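Me: Before the model is shown, may I request a guided reading of its contacts, beginning with the general idea in each case?

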There are 2 protein chains.
Amino acid sequence: MGETTIDDIAKEAGVSKATVSRVINNSSSVAPDTREKIQAIIDKRHYSPSAVARGLSKRTSSTIGVVVPEVDNPFFGEILRGVTEIIDRNNLSLICCNSDDDSKKDYKALEMLKENRVRGLLYTPATDYSDKKQKKRLEKLLNEIDTPVVLLDRKIGLDFDGVYFDDRQGIYDATQALIKGGHTKIGIINGTLDRVLARIRQDGYLEALRDAGIEPEERYMFFGDFRMGTSYKLSSQLLSMEDRPTAVLTCNNRTSMGFFKALFERGESMPKDIVCIGLDRIEALELFQTDFVYIKRDAFKMGRKAMELLISRMAFPDKPISSIILDAPLSREDAESLKRFKK
Amino acid sequence: MGETTIDDIAKEAGVSKATVSRVINNSSSVAPDTREKIQAIIDKRHYSPSAVARGLSKRTSSTIGVVVPEVDNPFFGEILRGVTEIIDRNNLSLICCNSDDDSKKDYKALEMLKENRVRGLLYTPATDYSDKKQKKRLEKLLNEIDTPVVLLDRKIGLDFDGVYFDDRQGIYDATQALIKGGHTKIGIINGTLDRVLARIRQDGYLEALRDAGIEPEERYMFFGDFRMGTSYKLSSQLLSMEDRPTAVLTCNNRTSMGFFKALFERGESMPKDIVCIGLDRIEALELFQTDFVYIKRDAFKMGRKAMELLISRMAFPDKPISSIILDAPLSREDAESLKRFKK
DNA sequence: CTGAAAGCGCTTACAG
DNA sequence: CTGAAAGCGCTTACAG
């Protein structure tokens with residue numbers, strides 16, 4: 001029988017579809033009794049207007065696009081939960097893309113979102129697009145989408161709104177806490193420095209060392225790719241060094257996992273044999289490793305903030321570009337906990 | 001300047017928009033040189049046709065709807081990764097909804113998907129809709145959406161395609177493995193039995209006990225809600241029983257977490273003090289609890305299979321309804337591992 | 001308060 | 001091989 005359309009309703013009610021449209025949208029005034037009659041028919045037939053027809057007609061859509069690099073990483077899962085909460089509250093809908101940290105898929109997702117004429121875009125770039133040509137191309141594409149965009153978690157030096165964590169400060173504080181605990185040989189398992197995420201973290205680490213008058217040692221710095229397997233290998237190397245660090249920073253949740261795997265495999269434990277501060281919570285780890293201190297990033301909040309920023313941008317297209325920086329504090333800052341860092 | 005439309009391209013090329021449409025869609029033949037000319041203009045202007053206008057015109061869309069109860073649960077994260085993989089491969093797009101296991105949000109999501117005239121629907125019901133009236137209402141809504149639907153992970157007794165895990169068999173096997181290890185007092189931390197997910201698991205448990213001639217003991221059965229906090233409480237109760245079980249089944253990943261939290265808090269360990277088989281992997285747990293045996297469900301595969309089933313349903317609307325049952329084997333079945341279950 | 005008409009950006013028979 | 005025209009299901013000035 002096909003979907004019921006506004007025409008069907010209009011006919012059954014004996015009015016024009018303009019009038020039906022008015023009651024649907026509660027726009028200009030409609031005589032109370034015709035409104036009721038129309039509403040009754042709508043209810044009876046469970047009619048709901050086509051969002052796509054409406055979108056075309058109004059030249060605007062109510063769908064938001066989001067692209068994340070790893071849907072199955074709890075960090076992004078939390079972000080998505082935050083995003084969907086605000087989406088729901090505003091009667092929007094969400095087209096969700098997974099880029100798998102692959103720039104090809106990233107482009108493809110963006111193209112798709114462009115075709116879908118999304119009303120706004122939440123975007124976590126798959127890579128840094130540090131190559132100038134690539135960046136130009138990305139910028140062009142983003143502009144073609146011609147809709148507000150809010151960057152998520154990863155800066156790429158383009159002029160868009162964004163929500164980020166203060167990872168630099170987080171790592172700085174962590175490093176400092178370790179130093180205060182008496183450590184001077186502090187290792188770091190990071191990503192390669194051509195990724196801005198890694199550079200920022202490295203900066204926090206180096207700065208804290210220098211501020212404490214400690215000369216950074218290159219052999220204590222390990223650069224991988226934020227994946228567990230790589231971190232596992234690097235951590236094994238680190239742990240078997242002759243003159244190894246007494247404390248280690250692991251720069252994301254996957255990296256921490258790799259580190260602990262390597263550590264436990266050696267029959268060592270924390271903080272007895274070595275101390276570690278990680279970036280991001282690892283829930284299951286807390287079951288037994290109750291004194292794991294980590295840099296706490298509230299991804300749920302990031303999702304909410306980003307979506308709110310997007311909505312505000314949609315409302316005020318001309319307001320100045322803004323970046324929201326969320327803090328990334330240590331999960332514990334009480335003296336009690338920090339004492340455990342003592343060498 | 002507004003988005004470029006098919007009209008702009010047509011004018012610049014000096015042809016009708018019908019012809020432009022033909023080159024975009026590669027439909028009927030177009031003279032090679034006009035095709036090239038048009039394509040050049042399209043490329044130059046980075047034109048891509050509006051999916052919404054096309055959808056309206058073709059009376060069909062290329063977007064799929066998905067509703068999951070917890071975006072931030074790794075289990076559903078994996079499912080989404082599987083889904084997006086097939087989505088990408090078929091040039092579809094995904095509208096993603098999070099129901100938070102709340103039937104109000106569930107309805108709302110479905111309504112929204114209906115308005116968006118999705119081409120197909122992957123649906124994990126928030127609740128069982130076991131109330132007859134509720135179920136009728138849900139069925140009606142699902143039918144109004146008037147599009148193929150594939151149920152994910154949760155059966156609700158409606159006549160749709162679906163992909164499920166064989167949890168009953170999984171729990172059966174787990175129970176049997178414990179029995180073979182000499183256990184007769186086997187506890188279970190399950191969800192309330194008005195949820196079909198819990199009933200199925202309970203069935204597997206009871207059946208295995210009976211098949212072994214063991215009389216099920218009510219006091220060893222605990223019914224919560226599949227959340228960690230609840231499981232923690234129930235597990236604490238179980239662990240402090242006078243005549244407590246020597247082995248326990250935990251019926252999802254959150255439940256296992258709650259169990260281990262309670263266990264470790266008591267300073268007990270596994271398998272020394274008690275044995276546990278869980279449902280679903282807990283990656284971080286493997287860092288130290290390397291002998292945790294669990295019922296393995298490949299959520300990534302479930303996502304892929306479900307999306308493939310949906311596509312095949314879209315292609316063959318009249319084929320008979322089918323359910324795909326994915327197996328849920330023990331993570332280890334070697335004698336070596338199972339030996340650890342020995343009482 | 002209400003309707004006729006134009007328009008949103010496409011596709012697709014139908015002619016030629 | 002190509003174009004004019006109708007239509008997809010809505011919304012929105014414009015009249016009345």
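Reply: A polar contact is a pair of N or O atoms within 3.5 Å; within protein, one must be able to donate a hydrogen and the other to accept it, and residues adjacent in sequence count only if both atoms are side-chain atoms. In this structure, an N or O atom in the side chain of A:Thr34 is 3.2 Å from a phosphate oxygen of DNA strand C. This is a predicted model, in which local features need pLDDT of at least 70 and side-chain atom pairs count only at pLDDT 80 or more, whereas totals for chains, interfaces and linings use all residues. Residues are numbered from 1 along each chain as its sequence is written, chains are lettered from A and ligands numbered from 1 in the order in which they are written, and side-chain values use heavy atoms, with hydrogens and water left out.

Me: Which atoms of B:Ile6 and B:Arg54 lie by a phosphate oxygen of DNA strand C?

Reply: For B:Ile6, a polar backbone atom is 2.6 Å from a phosphate oxygen of the strand. For B:Arg54, a polar side-chain atom lies at 2.9 Å from a phosphate oxygen.

Me: Which residues come nearest to DNA strand C?

Reply: A residue is near a strand if one of its heavy atoms lies within 4 Å of it. Around DNA strand C there are 27 residues, of which A:Arg22, A:Ser29, A:Arg59, B:Ser21 and B:Ser57 come nearest. Of the strand's atoms within 4 Å of the protein, 67% belong to sugar and phosphate.

Me: Which helix gives the most to the surface near DNA strand C?

Reply: Helices (H or I, at least four residues) and strands (E, at least two) are DSSP runs, numbered from the N terminus. Helix 2 of chain B gives the most to this surface, with five residues. For DNA strand D, the largest share, five residues, comes from helix 2 of chain A.

Me: What contacts does DNA strand D have with A:Arg54, B:Ala31 and B:Ser57?

Reply: The side chain of A:Arg54 has an N or O atom 2.9 Å from a phosphate oxygen of DNA strand D. A backbone N or O atom of B:Ala31 lies 2.8 Å from a phosphate oxygen. The contact of B:Ser57 is with a base nitrogen, 3.0 Å from a polar side-chain atom of that residue.

Me: How is chain A related to chain B?

Reply: Copies are superposed by least squares on the C-alpha atoms of residues with pLDDT of at least 70 in both. A turn of 180° and a shift of 0.0 Å along the axis lay chain A on chain B with an RMSD of 0.0 Å. The two copies are therefore related as by a two-fold rotation axis. In chain A, the residue closest to that axis is A:Ile95, at 2.2 Å (C-alpha).

Me: What area is buried between chain A and chain B?

Reply: The size of an interface is often given as the accessible area lost when the parts come together. Buried area is computed with a 1.4 Å probe and summed over both parts. Here it is about 4,600 Å², of which carbon and sulfur atoms give 57%. A:Asp72, A:Arg117 and A:Leu287 supply 15% of the area that chain A buries against chain B, more than any other three residues.

Me: How many salt bridges does the rule find across this interface?

Reply: A salt bridge is a side-chain nitrogen of Lys or Arg within 4 Å of a carboxyl oxygen of Asp or Glu. The rule finds six between chain A and chain B. B:Arg117 forms a salt bridge with A:Glu3, with the closest N and O atoms 3.6 Å apart.

How values were computed. Buried area = accessible area lost by both parts, 1.4 Å probe.
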